[in-house]
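Visitor: Could you pick one small spot, take a close look at it, and then walk me outwards from there?

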Amino acid sequence: MGRIALAVEVIVTYLRVTWWRRGGDIQAAAAAARTGFGAPWSGGDPYEESVRLGFAVTRVLRLMPGDSRCLSRSLVLTAMLARRGIRSAIVIGVRPAPGFGSHAWVEHSGRPLLDAGPREYRRLVEL
């Protein structure tokens, strides 16, 4: 898939994610992201494809107005992976100190995608 087509896919998926999140139910948004799960991935290493897509999501959403923080990025990446038949999990974690913080990320086979932030956060829930 070309860069422009991939960027368009990220943007369209982001708009869908924004719609799914409108009610504030993260579990429902995560379920919606997984609808239309594609045929099982057969295009090589699914982790490499997941990392490639995560990089694209991060780059494109950095330019978008609105909420493109970790939860939105995670939902977009999860939806894109699901369409390709790649299983993933959204993980929400917290950092109790110094200064409370929360973070969401995507894992494929227990390996984090998107960024290295999960190391400083304790897992709270997996969706």
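**A serine and its surroundings**

Guide: Let's start with Ser88, which counts as buried because its relative accessibility is 15%; buried means under 20% relative accessible area, exposed means over 50%, and partly exposed is in between, using a 1.4 Å probe and protein chains only. Before we go on: this is a predicted model, where local features need pLDDT of at least 70, side-chain atom pairs count only at pLDDT 80 or more, and totals for chains, interfaces and linings use all residues. Residues are numbered from 1 along each chain as its sequence is written, and side-chain values use heavy atoms, with hydrogens and water left out.

So where is Ser88 in the fold? You'll find Ser88 in the loop between α4 and β1. (Helices are DSSP runs of H or I with at least four residues, strands are runs of E with at least two, and both are numbered from the N terminus.) Leaving aside residues up to four places away in sequence, Ser88 touches Arg34, Thr78, Leu81, Val106 and Glu107; contact here means heavy atoms within 4.5 Å.

Follow Glu107 and you get to the sheet, since Glu107 stands opposite Pro112 in β3. Val106, another neighbour of Ser88, sits in β2, opposite Ile90. β1 and β2 run antiparallel and are joined by seven bridges; strands pair if DSSP finds at least two bridges between them. These two strands form a hairpin with five residues between them, and Gly99 in the turn has a positive phi of about 75 degrees. Step back, and four strands make an open antiparallel sheet in the order β3-β2-β1-β4. Its edge strands, β3 (111-112) and β4 (122-126), each pair on one side only. As for β2, seven of its eight residues are buried, so call that strand mostly covered.

Now swing over to α4, which lies across β1 and β2 and runs at about 15 degrees to β2. (Axes are lines fitted to C-alpha atoms, for helices over the stretch in contact, and angles run from 0 to 180 degrees between N-to-C directions.) Leu81, also touched by Ser88, is among the members with the most contacts to other members in the largest nonpolar core, which has 27 residues. Such a core is a set of buried Ala, Val, Leu, Ile, Met, Phe, Trp, Tyr and Cys residues joined through side-chain atoms within 4.5 Å. α4 gives the most to this core, with eight residues.
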